[in-house]
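Reader: I'm new to this one, and I'd like to learn how to read it. Could you walk me through it?

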Amino acid sequence: MRSLREAVAGFRRAPLLSGLSMTAIGLSVFIIGLFALTAHNIDVALTGVEERVEVVAYLKDGTSSGQIEISRSEIESFPEVREVRFVSKPEALYNAQRELTEFSDVFSDLEVNPLPASFEVRLNPGFRTPSHADAVADRLSAYEFVEEVRYGREWVDRVYALRRIAAGSALMLGGSFAAGAMLLIGIAVRMAVLARAREISIMQTVGATDGYIRRPFLLEGLMTGLAGGGLALLLTRGAHAAVERTLFSVAWLPLEWVVGGMIFAGLLGVAAAARAVRRELRRLDVV
Amino acid sequence: MIQLRSVTKTFDRSHPAIEGVSFHIRKGEFAFLTGPSGAGKTTVLSLIHMQHMPTSGEVRVSRFSSKRIRRRELPQLRRRVGYVFQDFRLLESLTVSENVAFALEVTGAPRSKIGPKVQRLLGQVGLAARARSLPRELSGGEQQRVAIARALANDPLVLLADEPMGNLDGRAAAGVFSLFRDINALGTSILMATHDAELIRRHSDLRVIELEDGRMVFDSVEASA
């Protein structure tokens with residue numbers, strides 16, 4: 001109770017600095033929030049893409065139906081594989097005619113069907129990553145009747161790279177803003193300590209523990225941090241709404257991420273305050 | 001109970017504030033620490049209170065030694081060593097009783113015990129009727145009594161007093177001094193820094209330790225031994 005009263009008094013003593021500290025934390029967590037929003041939406045998109053990750057093995061002409069049956073059941077037994085669909089040459093042509101209507105003339109003039117038969121291999125959830133698709137492709141290529149294996153590797157790789165860039169940028173930009181925020185909170189807390197230097201030195205004289213003296217300052221840091229977190233949440237929510245309204249539909253962050261962000265902001269405040277108050281207490285007391 | 005062994009303290013590489021000071025204050029003893037301004041009296045008190053650590057030598061207070069004490073043990077030491085300043089150092093925004101209660105609150109004493117104890121302490125220093133006053137409404141002598149009540153709050157073994165009557169007129173000073181004698185009579189040791197030669201002369205039964213330019217030049221206990 002005493003700590004809370006004094007923490008609030010700390011805000012009142014230097015409202016501008018407290019406001020600045022809160023805004024700085026708010027901005028740093030907002031930046032992290034924006035990138036988190038990007039990363040999360042890439043994640044959501046990736047799940048959709050991953051569901052469609054398919055490895056296609058084109059077979060040489062003249063592959064016997066016996067070979068096809070045996071290899072098909074072998075491939076189905078791969079742990080990564082969910083299902084294998086055999087597409088025969090006529091079926092491939094039929095599909096092509098249906099899907100590529102602008103070339104229907106070309107297809108109907110053909111005397112020989114140029115399209116190969118293929119296995120369309122779908123992967124199990126958890127195996128829909130570039131590296132697993134790669135492994136399956138390698139094993140498929142090992143069959144001597146397989147002419148070529150294809151999957152959207154480059155594309156999948158690129159989406160993954162994009163996600164990594166979003167996460168990396170969030171860490172770097174958010175991190176540097178967080179460092180700035182910590183500096184500001186440090187100054188605010190140091191000023192609060194100085195404003196109460198006389199009281200603190202009396203506390204030390206009569207035998208108050210460091211913990212007792214520190215508590216209101218840490219609470220002040222926590223409150224600044226949480227307020228900054230709240231500000232960041234509002235800003236991120238605003239940015240989300242703006243994108244929804246003007247550009248395209250995006251997913252909002254999962255609850256755990258929001259809670260994690262608030263906790264991070266609170267801890268940032270406490271850590272900055274702890275650092276500042278520790279330094280000042282040692283300066284006031286000379287041991 | 002308080003022991004200084006060849007204690008030297010140098011601040012910032014200047015010449016030592018005190019050098020080779022040794023003495024021993026026993027339980028229940030009352031001693032003056034005297035000498036001209038700058039002789040090192042306050043330095044000695046601050047070393048006993050362990051606001052500073054000796055550059056060399058050792059300070060022992062009860063079971064605490066300057067050589068071994070850890071930062072987190074300092075509050076325990078400070079509760080055993082009351083400190084009274086020349087300028088009282090009361091918190092102006094708190095009432096008399098709150099100033100005394102403050103010393104108990106910071107040690108985490110239970111609230112139910114604080115009220116009665118504060119009343120008893122204020123009674124002991126003769127200020128029971130001024131409990132709700134603010135420090136600025138009190139005379140200098142009364143303010144110093146509040147500071148003494150605060151220093152006594154945690155039942156210290158010893159009171160360190162740094163020129164406690166330095167800001168008081170003759171009558172108030174005499175009253176405060178007699179309060180120190182009463183406290184001493186109840187068993188609390190007292191080490192009082194003063195440069196008031198007249199006061200020392202009037203109380204020739206008490207021990208006198210004299211410093212000059214950071215060195216101990218006289219100890220009435222050794223002189224009489």
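Reader: Let's begin where the chains meet. How many residues of chain A are in contact with chain B?

Author: Keep in mind that this is a predicted model. The size of an interface is often given as the accessible area lost when the parts come together. Here we'll count residues instead: 12 residues of chain A touch 17 residues of chain B.

Reader: Which element gives the most to the side of chain A that touches chain B?

Author: That's α8(A), with 5 residues. As for character, that side of chain A has 7 nonpolar residues, 3 polar ones and 2 charged ones.

Reader: What does α8 of chain A help to cover in chain B?

Author: Look at α5(B): α8 (197–206) of chain A is among the elements covering its buried residues. From chain B itself, the cover includes β6 (81–84), α3 (96–105), α4 (111–124), β7 (158–162) and α6 (170–185).

Reader: How many residues of α5(B) are buried?

Author: A residue counts as buried if 20 or more other C-beta atoms lie within 10 Å of its own. In α5(B), 11 of the 13 residues pass that test, so the helix is largely enclosed by the rest of the structure. Among them are B:E142, B:R145, B:V146, B:I148 and B:L152.

Reader: What span should helix α5 of chain B have?

Author: Count 1.5 Å a residue: the 13 residues of α5(B), 140–152, should span 18 Å. The C-alpha atoms at its ends are 18 Å apart, which agrees.

Reader: Now the strands. In what order do the 4 strands of the open sheet in chain B come?

Author: Reading across, you get β2-β1-β4-β5, with antiparallel pairing. At the edges sit β2 (18–25) and β5 (64–65) of chain B, each pairing on one side only.

Reader: How many bridges join β1 to β2 in chain B?

Author: There are 5 between β1(B), residues 2–9, and β2(B), and the two run antiparallel. To find your place, look for B:L4, which stands opposite B:F23 in β2(B).

Reader: Which strands does helix α1 of chain B lie across?

Author: Helix α1(B), residues 41–48, crosses β1, β2 and β4 (56–61) of chain B, at about 120° to β1(B).

Reader: Back to chain A: what does its secondary structure come to?

Author: Chain A has 10 helices and 4 strands. Along the sequence, the pattern is α-α-β-α-β-α-α-β-α-β-α-α-α-α. Of its 287 residues, 32% are buried. Finally, take the contacts in chain A between residues at least 6 apart in sequence: 88% of these join residues at least 24 apart.

Terms used. Residues numbered from 1 in each chain as written. Chains lettered and ligands numbered in written order. Predicted model: local features only at pLDDT ≥ 70, side-chain atom pairs only at ≥ 80, totals over all residues. Expected span 1.5 Å × (residues − 1). Buried ≥ 20, exposed ≤ 12 C-beta atoms within 10 Å, placed from the backbone. Contact = placed C-beta atoms within 7 Å. Nonpolar A, V, L, I, M, F, W, Y, C, P; charged D, E, K, R; others polar. Pairing = 2+ DSSP bridges. Axes fitted to C-alpha atoms, helices over the stretch in contact; angles between N-to-C directions.
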